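Please open the structure below in a viewer and keep a selection panel at hand. The tour proceeds stop by stop, stating at each one what to select and what is found there.

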Amino acid sequence: MTVRIATWNINSVTARLPKLLEWLESAKPDVLCLQELKCTIEAFPAEAIGELGYESAAHGTGRWNGVAVLSRIGLEDVVRDLPGQPGYLAEDAMLPVVEPRAVGATCGPVRVWSVYVPNGREVDHAHYRYKLEWLAALRDAVREDAAGERPFAVLGDYNIAPTDADVFDIAAFEGLTHVTAPERAALTALQEIGLQDVVPRPLKYDHPYTYWDYRQLAFPKNRGMRIDLTYANKPFADAVSDSYVDREARKGKGTSDHAPVVVDLDL
């Protein structure tokens, strides 16, 4: 059985809906994890997506967060939010808010989580501490699935470049988030519970970047980052027959600033 699984920070599912539908028809993933929906559950375009044969489990409040899992091979055991997921306490807030950053589902023979890890903003910002707390909750939440025999993966926008080679110029990130030792230690903690980084191949150039800023011609200059990741358990990783960054989907006007990452499994 061949299963195609993908992840894509869509950067507003409403604004990118034509691009999303076009990509679903051309790439034909069996499962797609989406991040940064920027819409409520009620406003999620489930009907339009359903016309292409996909069930969907969305989780969003209409702000800059939001995640979803789309599947045409079944959608069961849906869980919204990580067990024990921390909230973010903004400076002007009285109570922390648990943001819609994770949704899990069983899709046919595999189980996946679609995650949108907090950005962190600045190293001395409360959002950075929140990011590290969130990643610790992710590790605890997926520990059992990571050690299980069912193919399992956590896919999404991690907002972390695993190595210096995963950014176009490490010197440009000195003192900034996404490349700090504590953030990368959180990825190591995922590896310690049995997950491994499934590194895709690039369709162009020598490194599989997944994100390019809209500004300063970052995409044509290939000034990118690899921050959209697949962390998989051994049964999932052993079944990988191919993985690539679909850089073509980043081209043109009206696109997301991220490209889809595709993982093919032979189960």
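## Stop 1: H207 and its surroundings

Select H207 together with A165, D166, P202 and R226; H207 touches these four, with residues up to four places away in sequence not counted. The model on display is predicted. H207 belongs to the loop between strand 9 and strand 10. With the display restricted to side chains, a polar contact of 2.6 Å can be drawn between H207 and D166. Is H207 buried or exposed? Its relative accessibility is 19%, and the limit for a buried residue is under 20%, so H207 counts as buried.

## Stop 2: elsewhere in the same loop

Remain in the loop between strand 9 and strand 10, and select Y205. Most residues other than glycine have a negative phi. Y205 is not a glycine, yet its phi is positive, at about 65°. Its relative accessible area is 41%, which makes Y205 partly exposed.

Next, select V198, which lies in the loop between strand 9 (196–197) and strand 10 (211–212). V198 is buried, its relative accessible area being 10%. Add T230, A232, V240, S243 and V263 to the selection: these are the contacts of V198 once its neighbours within four places in sequence are left aside. For V198 and V263, a distance label between the C-alpha atoms should read 8.4 Å, although 65 residues separate the two in sequence.

## Stop 3: the nonpolar cores

Which residues have the most contacts inside the largest nonpolar core? Select V115, L138, V142, V154 and Y158; they hold that position in a core of 24 residues. Now colour strand 7 (110–116), helix 3 (126–146), strand 8 (152–157), helix 4 (181–192) and strand 12 (228–232), each of which supplies at least two residues of this core. Helix 3 gives the largest share, seven residues.

Centre the view on Y158. Neighbours within four places in sequence aside, Y158 is in contact with V115, V117, K131, L138, L187, L190, I227, L229 and Y231. Another core, of 23 residues, lies apart from the largest one; L75, V103, A105 and V263 are among its members. V263 was also selected at the previous stop, as a contact of V198.

## Stop 4: T177

Move to T177, in the loop between strand 8 and helix 4. T177 counts as buried, with 7% relative accessibility. Its side chain makes a polar contact of 2.9 Å with the side chain of H178. Extend the selection to N119, G120, R121, E122, V123, Y128 and E183, which T177 touches when residues up to four places away in sequence are not counted.

## Stop 5: aromatic rings

Switch to a display of the aromatic side chains. How many aromatic pairs does a search of the whole structure find? The search returns five. One of them joins Y88 and Y130: the ring centres are 5.1 Å apart and the planes stand at 35°, so this pair is tilted. It links distant parts of the chain, with Y88 in the loop between strand 5 (76–80) and strand 6 (102–107) and Y130 in helix 3, 42 residues apart. Y88 and Y130 are both buried.

Then select W212 and F219, an edge-to-face pair with 5.0 Å from centre to centre and 85° between the planes. These two residues are likewise buried. To see a charge over a ring, select R101 and Y116: the charged end of R101 sits over the ring of Y116, 5.1 Å from the ring centre.

## Stop 6: L217

Select L217, in the loop between strand 10 and strand 11 (224–225). L217 is not a glycine, but its phi is positive, at about 55°. Its relative accessibility of 55% places L217 among the exposed residues.

## Stop 7: the cysteines

Finally, display the cysteine sulfur atoms. The structure holds zero disulfides. For C39, the nearest cysteine sulfur is that of C33, 16 Å away. C39 is buried, at 4% relative accessibility. Why does C107 form no bond with C33? The sulfur of C33 is the closest cysteine sulfur to that of C107, but at 7.2 Å it is too far for a bond. C107 is also buried, with a relative accessibility of 0%.

How values were computed. Residues numbered from 1 in each chain as written. Predicted model: local features only at pLDDT ≥ 70, side-chain atom pairs only at ≥ 80, totals over all residues. Heavy atoms only, no water. Core = buried A, V, L, I, M, F, W, Y, C linked by side-chain atoms within 4.5 Å. Buried < 20%, exposed > 50% of the residue type's maximum accessible area, 1.4 Å probe, protein only. Helix = DSSP H or I, 4+ residues; strand = E, 2+ residues; numbered from the N terminus. Contact = heavy atoms within 4.5 Å. Disulfide = S-S within 2.5 Å. Polar contact = N/O pair within 3.5 Å; in protein donor to acceptor, adjacent residues only side chain to side chain. Phe/Tyr/Trp six-rings, centres within 6.5 Å; stacked < 30°, edge-to-face > 60°. Lys NZ or Arg CZ within 6 Å of the ring centre and 35° of its normal.
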